[in-house]
Structure formats: structure tokens, C-alpha cells
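Biologist: Could you take a close look at one part of this model for me? I'd like to hear about a single helix and the loops around it.

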Amino acid sequence: MVERYAREQMKELWDMNAKYSAWLEVEKALVRGWNRLGLIPDCDCEKICKNARFDIARIDEIEAVTKHDLIAFTTSIAESLGEESRWVHYGITSSDCIDTAVALQMRDSLKIILEDIKQVREAIKVRAYEHKDTLMVGRSHGIHGEPITFGLVLAIWYDELGRHLKALESTLEVISVGQLSGAMGNLAHTPMELEELVCKELGLKPAPVSNQVIQRDRYARLMSDLALLASSCEKIAVEIRHLQRTEVYEAEEYFESGQKGSSAMPHKRNPVLSENITGLCRIIRSYALPAMENVALWHERDISHSSVERFILPDSFITTDFMLMRLKGLLEKLVVYPKNMMKNLNLTGGLVFSQRILLELPKCGVSREDAYKIVQRNAMKVWQGLQKGQPVLNDKRESLYLQYLLADSELVGLLSKNGGNGEQIIRECFEFSYYTKNVDSIFKRVFE
């Protein structure tokens with residue numbers, strides 16, 4: 001239901017009625033602006049603002065002849081008025097109306113996206129604190145590295161989306177501009193005061209300088225920011241897909257009662273939501289390139305950008321909105337398996353503690369090169385043992401790597417220098433608390 005509401009709310013900002021309503025809002029603001037400057041009489045201004053309306057079917061009918069949507073629109077409006085219709089669209093060009101109206105649509109749409117991001121971040125924050133101390137193995141190249149917590153993984157997502165939130169808040173200012181500067185942008189037919197009055201009424205800022213269009217680097221920045229946001233959301237979705245793999249199975253999407261995973265294999269529980277999010281993010285990213293290509297128009301303008309924007313603007317906003325709400329729901333219901341995380345953490349027989357041993361040896365006067373050789377040769381024995389099916393733990397619950405290290409007399413001897421207890425030092429290197437000692441400080445830095 002949340003996803004459906006989000007889609008409808010955003011879709012309503014981009015349907016044909018919303019498009020022409022935004023155009024009409026600009027045209028009425030223009031009339032009121034001219035009225036304040038003394039050109040349009042009060043009675044005509046009042047009639048236009050009260051009675052001006054459009055008919056979509058009639059616009060389509062007129063456009064079939066004129067082959068010009070803005071002229072069809074203004075003609076439709078004129079049919080709803082009397083002689084006062086002569087003041088509609090006075091002194092401006094098509095792009096003045098259209099680009100200023102699109103700024104209103106983009107502004108209102110981006111505000112929804114910003115709220116979506118905040119909701120996703122809040123969902124992540126809740127789960128991060130829930131799993132702040134949930135141990136799991138960190139991986140690089142897909143291979144086990146060292147212990148981390150699932151909370152730290154979530155904290156990274158929260159922090160990353162925070163950067164996108166900040167960027168898009170800044171971009172909101174960049175795209176919230178209008179223009180009423182006339183056919184070539186020279187303000188020859190419309191005084192600067194008019195442009196400022198109208199933009200202020202609409203909640204926009206006038207573009208400092210324009211030609212016949214709002215410059216498309218503004219749109220390209222918006223699309224680029226949405227593309228970057230999508231990349232981070234795909235990153236989250238891909239991680240969840242990996243965690244749900246049968247061989248890993250540390251987390252999975254919530255599987256509802258009655259849900260089916262496969263038409264052929266009744267046992268399947270597939271990560272369909274995160275796969276869907278991955279695909280949607282690819283679509284959102286694809287809009288960044290044509291938006292960048294729209295920046296370079298011929299001279300003061302052409303309309304090569306127009307057909308592109310009719311697709312990428314509504315589609316990018318609607319898709320991003322839907323994707324974010326789907327991601328929010330996925331994260332809120334994500335099922336996490338701490339026991340499986342711990343099981344996988346122990347899967348390599350204690351190899352995840354190798355760096356701790358490595359860092360102890362230089363304290364005893366051993367060169368880093370020699371220390372690395374000692375630690376690695378024992379690690380290779382563990383890999384060989386695992387390949388042969390050797391248990392990762394013995395009867396004393398000691399990991400395979402710990403066993404080999406304790407049996408290495410050279411290592412124990414080196415660590416026993418200066419009166420130390422080599423065996424005790426090795427055992428202390430296998431404590432998980434060492435890797436979680438700064439989690440609280442990290443969380444404070446991220447969330448507070």
C-alpha cells in the first residue's frame with residue numbers, strides 16, 4: 001500500500017493534467033505580474049485568473065492542426081475567455097512558459113524524493129542499531145577478511161545515502177529557477193521586474209541569464225544526482241542478494257505466507273525485490289547520459305532536448321520514487337540470521353585473525369617480511385586442512401588456525417621474548433571484542 005501511494009502521488013505530478021495545470025499556473029502568474037506593473041487592467045486580470053481553463057481533448061484536437069502544443073494550449077484557454085484572452089502569454093515565448101512550469105514539476109517531485117531518502121535512511125538506522133553488535137565476516141574479493149558487524153554495513157549505507165540527500169537538496173536550488181525573458185532571452189519584451197515578480201510568486205528564482213531555454217546543465221545535474229543515488233541503492237540491493245545466496249544465507253528478503261518462488265521448484269525463496277531494485281536502478285542511471293547530451297543545444301535553442309525530456313523527467317522521478325519505497329520496505333522486513341553469520345565467521349578455522357598475529361611480531365623485533373612469512377605459512381596449512389575436510393574446531397573448541405599457531409615453536413618463542421607469554425598472546429589474538437571495540441564510536445560519528 002505504501003508503494004502504491006507513493007507511485008500515484010508522483011504520477012499525478014507528471015500526467016497531462018498536471019503538465020497543463022503547471023503551464024496555466026505560469027500563465028496566470030504572468031497576467032498578475034503584468035497587472036501589478038500596470039499593463040493589464042484589473043478587470044481583465046480578474047477574469048483571466050477566475051475563468052481561464054483548458055480542455056485536454058480540445059488541445060489534442062487543435063494540436064493535430066497546428067503541430068504546436070503550446071499554441072494549442074493557449075488557443076484552448078482563449079476559448080474559455082472573452083476579449084481579455086489577448087493578455088494570455090503576452091510578451092513571452094513557449095519555453096518561458098514550459099521551462100518555468102517544468103521547474104515547478106521537478107521541484108515538487110524532488111521534494112518527494114528527498115522525503116523518500118529520509119525514510120529509507122531512517123529504516124537503515126533502526127536496523128543498524130538493532131545489529132550494531134551482530135558479528136559477521138567482512139569480505140574482500142568475495143573472500144573472508146576480518147570480523148565486522150552487520151551494523152557497520154548498515155551504517156555505511158546510511159552515511160552514503162546522506163551524501164545523496166545533501167547533494168539533491170543542493171540540486172533542488174539549482175533546478176528551482178524560472179525565466180520570462182522572451183524569445184532570445186534578452187528581456188526586450190518583458191521587463192526584468194516582471195520576471196522577478198512572477199518567479200517569486202511561483203516560489204522560484206529567476207535564472208540570472210538565459211537564452212530561449214533554461215540551461216540544461218541544471219537538468220543534467222539533477223539526472224546525474226539521481227543516477228548516483230540509484231547506484232548506491234543498487235549497491236545495497238546487490239549486497240542483500242549476495243547475503244541471501246544459499247551458500248551464505250546470512251540474511252534474506254521477507255517471504256510472505258502464500259508467496260511462491262518458482263513455478264517448477266517449490267522450495268525456492270528468491271531475492272526478487274532486490275533484483276527488481278537492481279534493474280530499476282539501471283534504468284534510472286541510463287537517463288543521466290541523454291540529460292548530459294541535452295546540454296549542448298544549437299545557438300540559443302533547438303528542440304532536440306524536448307523529446308528526450310518527455311521520457312526521462314517523468315520516468316526518472318516515478319521510477320526513483322517507486323524504487324526507494326520498495327527499498328524501504330525491503331530493509332524494514334529484512335530477515336537477518338546472526339547464527340549463520342557467526343557460523344560463516346568461523347568457516348575458515350580462525351584465519352580471520354591472521355593480521356592480529358602479524359601485528360604482534362614487529363613488537364618483538366621481527367621484521368614485517370619475516371613476520372608475514374611465519375603467519376602465512378601457518379595460514380596455508382589451514383587452507384590445505386580445509387581442503388582435506390579437517391574440522392575447523394577441535395574438541396576444546398580451538399580453531400584450526402589457533403592449533404597450528406600454538407604448535408609453531410618459532411612463533412611462540414618470538415612472542416615470548418622480553419618475558420612475554422607467547423601462547424597467551426596468541427590466544428588473546430583470537431578475541432572478537434578486539435574488532436568491535438570502536439563500533440560505538442563509529443556509530444556516534446555516523447548517527448549523531
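Modeller: Let's fix a term first: buried means under 20% relative accessible area, exposed means over 50%, and partly exposed is in between, with a 1.4 Å probe and protein chains only. This is a predicted model, so local features need pLDDT of at least 70 and side-chain atom pairs count only at pLDDT 80 or more, while totals for chains, interfaces and linings use all residues. Residues are numbered from 1 along each chain as its sequence is written, and side-chain values use heavy atoms, with hydrogens and water left out.

Helices (H or I, at least four residues) and strands (E, at least two) are DSSP runs, numbered from the N terminus. Now to H8, which spans 192–202. Its buried residues are Leu 194, Glu 195, Val 198, Cys 199 and Leu 202. Looking down the axis of H8, you find them within an arc of 120°, so they line one face of the helix; that arc is taken from the directions from the helix axis to the C-beta atoms. What do these buried residues pack against? Their partners are helix H2 (16–36), helix H6 (94–130), E3 and strand E4 (205–206), where contact means heavy atoms within 4.5 Å.

Next, the backbone on either side. Leu 187 sits in the loop between strand E3 (177–178) and helix H8. Leu 187 isn't a glycine, yet has a positive phi of about 55°. Leu 187 is also partly exposed, at a relative accessible area of 22%. Just after H8, Gly 203 takes a positive phi too, of about 80°.
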